[in-house]
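User: Can you walk me through the ligand sites and a few odd spots in this model?

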Amino acid sequence: MTYVVTEDCIRCKYLDCVEVCPVDCFYEGEVMLVIHPDECIDCGVCVPECPVDAIKADTESGLEKWLELNAEYASRWPNITINRDAPPDADEYVGVKEKYQKFFSDKPGEGD
Ligand code: SF4
Ligand code: F3S
């Protein structure tokens, strides 16, 4: 199994998750993060750090699309290990529906 970042991260990108990961397996896109499924050691410590509960175990049902997306973009986006400020308008996107359709971007983030 692995943990995956899901839709609720999009345009929230609070980044509270990255610093607790013992194996530094978060990767940064323009509007969300992903977890590298082959690097994640399934410790689960990042899960309670996310204020919008965007990190899920891939054993939960219905997450196939997100597992695929995490795997694909973890190999294309830069690694991120240090918590920066969230986007200034992050709070406006909490709980918004269909964020993938409306806002997903395949562009890389800054990384560190
Ligand atoms: Fe990192 Fe553990 Fe979260 Fe996997 S479950 S991304 S290893 S903190
Ligand atoms: Fe995204 Fe939550 Fe981390 S919003 S950047 S998964 S703290």
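What follows is a set of questions and answers on the cavities, the ligands and some single residues of this predicted model.

User: Let's start with empty space. How many cavities of 30 Å³ or more does a search of the whole structure find?

Analyst: Rolling a probe the size of a water molecule over the atoms shows where empty space is left. With the cut-off set at 30 Å³ or more, the search of the whole structure comes back with a count of two.

User: Which ligand sits in the largest cavity?

Analyst: The largest cavity holds about 100 Å³ of space. It is lined by 16 residues, with C9, Y14, L15, C17 and C50 nearest its centre. Those five names also turn up around one of the ligands, whose surroundings include C9, Y14, L15, C17 and C50. The occupant of the largest cavity is ligand 2.

User: And how do the residues in the shell around ligand 2 split by class?

Analyst: The surrounding residues are C9, K13, Y14, L15, D16, C17, L33, C50, P51, V52 and I55. Lys and Asp count as charged, so K13 and D16 go into that class. Cys, Tyr, Leu, Pro, Val and Ile count as nonpolar, so the others on the list go there. The split is nine nonpolar, no polar and two charged.

User: What about the lining of the largest cavity itself, by class?

Analyst: The lining has 16 residues. No polar residue is among them, and the classes come out as 13 nonpolar and three charged.

User: Now the other site. Which cavity is the space taken by ligand 1?

Analyst: The closest residues to ligand 1 are C21, C40, C43, G44 and C46, out of 13 that surround it. The second largest cavity has about 70 Å³ of space. Of its 13 lining residues, C21, C25, C40, C43 and C46 are the closest to its centre. The space taken by ligand 1 is the second largest cavity.

User: How does the shell around ligand 1 divide by class?

Analyst: G44 is one of the closest residues to ligand 1, and Gly counts as polar, so G44 belongs to the polar class. The cavity lining divides into 11 nonpolar, one polar and one charged. The shell around ligand 1 divides into 12 nonpolar, one polar and no charged.

User: There are cysteines around both ligands. How many disulfides does the structure hold?

Analyst: C21, C40, C43 and C46 are among the closest residues to ligand 1, while C9, C17 and C50 are among those around ligand 2. A disulfide needs a pair of cysteine sulfur atoms within 2.5 Å. The number of disulfides in the structure is zero.

User: Is C40 buried or exposed?

Analyst: Its neighbour in the cavity lining, C43, has 40% relative accessibility and so counts as partly exposed. C40 has a relative accessible area of 15%, and the limit is under 20%, so C40 is buried.

User: Where is Y93 found, and how far is its C-alpha atom from that of K13?

Analyst: Y93 is found in the loop between α1 (64-74) and α2 (99-103). With a relative accessible area of 13%, Y93 is buried. K13 is one of the residues around ligand 2. Y93 and K13 are 80 residues apart along the chain, yet their C-alpha atoms are separated by 9.8 Å.

User: What separates the C-alpha atoms of R84 and D16?

Analyst: R84 has its place in the loop between α1 and α2 and is partly exposed, with a relative accessible area of 26%. D16 is another residue around ligand 2. The two are 68 residues apart along the chain, and the C-alpha separation is 8.5 Å.

User: What is the phi of R11, and what is the sign of that value?

Analyst: Most residues other than glycine have a negative phi. R11, found in the loop between β1 (3-5) and β2 (26-28), is partly exposed at a relative accessible area of 28%. Its phi is positive, near 65°.

User: What is the phi of E98?

Analyst: E98 lies in the loop between α1 and α2. At 49% relative accessibility, E98 counts as partly exposed. Its phi is also a positive value in a residue other than glycine, near 55°.

How values were computed. Residues are numbered from 1 along each chain as its sequence is written. Chains are lettered from A and ligands numbered from 1 in the order in which they are written. This is a predicted model: local features need pLDDT of at least 70, side-chain atom pairs count only at pLDDT 80 or more; totals for chains, interfaces and linings use all residues. Side-chain values use heavy atoms; hydrogens and water are left out. A residue is near a molecule or strand if one of its heavy atoms lies within 4 Å of it. On a 1 Å grid over the protein atoms alone, a cavity is a set of points where a 1.4 Å probe fits but cannot get out, and a pocket is an open set with protein on both sides within 12 Å along at least five of seven lines; lining residues have an atom within 4 Å of a point. A molecule sits in a cavity or pocket if more than half of its atoms lie within 2 Å of its grid points. Buried means under 20% relative accessible area, exposed over 50%, partly exposed in between (1.4 Å probe, protein chains only). Grid points are joined across faces, edges and corners, and a volume is the space filled by probe spheres set on the points. Helices (H or I, at least four residues) and strands (E, at least two) are DSSP runs, numbered from the N terminus.
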